[in-house]
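Q: Got a minute to go through a model with me? I'll put it up here and then throw some questions at you.

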Amino acid sequence: MSVNAKPKPVARKPIQWIDLRGRRVGFWAYLAMRLSGIGLVVYLYLHLVILNQLTAGPGAWDGFVALARSPIFLALDVVLIIGLLVHGLNGLRLALVGFGIGVPRHKTMLWIGVALAVILSVLSALAIFSKG
Amino acid sequence: MMQKTLTRERASSWSWILQAITGVLVIVLVGVHMIFQHFVAAGGLRTYADVVAYIRTPFFLGWETIFLIVVTWHALLGVRAIALDFGLKRSVERVFNWILTIIGVGTIVYGLWLTFTVISRTS
C-alpha cells in the first residue's frame, strides 16, 4: 500500500452535519442550500394553505392582505427573498458546474453569487419597505 | 453488487438532472411570479379583485399553472434528496417515492382546484 495514497472519501453520516469543525466554504454553501431548501418547501405549503382564503371571498382575503402589509410580515418577506436568492443563485452555480460549465471557476462563481445575493437582498428590502 | 451500484447511480443522476432543469425553470418562473405579484402590485400584495383579474389573464394563468407544477416537482425532489442522504433502505426508498408522488399530485390538483375556484367565482 502506497504511503501517498489519498484516503478514500467517506460519505458523512447525517449526524455529522452538525459537526462544524474544519469545514470548507463548499460545506457552508451545501448547508445554506439544504437549510434554505427546507425553509422554502415549508414556505411553499404555508403559501398554498393561505391562498385557500381566496375561496372564502373578498372579505377574508382582503383582511389577510391588510395583515400581510404589517412591518413584521414585510420583514418575513425579506427573509423569503434572501432564501430565494441564496437557493437560486447557488443552485444556478451547481447546475452550471454539474453540466460541466465553468468547473475551474466554481469558487469565483460562489463569491459572485454571494455578492449578488447581498446586493439584491438589500435592493429588495429597500423596495419592500419603501412601499409600506 | 456492481450492477446494483450502477443502477443506483444512474437513478440518482437522473433525479439530479431533473432537479437542475426544474431548478433553472423555477428561477425564471419565481422571478416573474415575485415581480408581478409583489413588486408591480400596489402595496406589494393584490387585493381580492386584483387577484381575480390577474389569474383570469390567460398568460398569467398559464404561467402560474406551470410554476405550480414545476416548483412542486423541484421541492419534492429536494425533499427526496435530503431523505436519501440518510441512507434509506431500497424498500423504504420505494415507499417514500410513492408517498412523494402522491403528495406532488395532490399539491398540483389542490392548486388547480384553487385557481379555477377563484376564476369561476362570480362575486
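Q: Leaving aside its neighbours within four places in sequence, which residues is A:Leu85 in contact with?
A: This is a predicted model, to say that up front. A:Leu85 touches A:Ala117, A:Leu120 and A:Ser121, once neighbours within four places in sequence are left out.

Q: OK, and what makes up the largest nonpolar core?
A: It has 6 residues in all: A:Ile81, A:Leu84, A:Leu85, A:Val86, A:Leu89 and A:Ala117.

Q: Which helix gives the largest share of this core?
A: Helix α3 of chain A, residues 71-98, with 5 residues. There's another core apart from that one, of 5 residues, and B:Val26, B:Leu29, B:Leu68 and B:Val71 are among them.

Q: Switching to chain B, then. How many helices and strands does its secondary structure come to?
A: 4 helices and 0 strands, so to speak α-α-α-α from the N terminus on.

Q: And how much of chain B is buried?
A: Buried residues are 15% of its 123 residues. Among chain B contacts with a separation of 6 or more, 76% are between residues 24 or more positions apart.

Q: Now the contact between the chains: how many residues does each one put in?
A: Chain B puts in 28 residues and chain A 26 residues.

Q: Which element gives the largest share on the chain B side?
A: α1(B), with 7 residues. The elements giving two or more residues to that side are α1 (2-39), α2 (48-55), α3 (58-85) and α4 (90-120) of chain B.

Q: How do the residues on that side divide into nonpolar, polar and charged?
A: On the side of chain B that touches chain A, 18 are nonpolar, 9 polar and 1 charged.

Notes. Residues numbered from 1 in each chain as written. Chains lettered and ligands numbered in written order. Predicted model: local features only at pLDDT ≥ 70, side-chain atom pairs only at ≥ 80, totals over all residues. Core = buried A, V, L, I, M, F, W, Y, C linked by C-beta atoms within 7 Å. Buried ≥ 20, exposed ≤ 12 C-beta atoms within 10 Å, placed from the backbone. Contact = placed C-beta atoms within 7 Å. Nonpolar A, V, L, I, M, F, W, Y, C, P; charged D, E, K, R; others polar.
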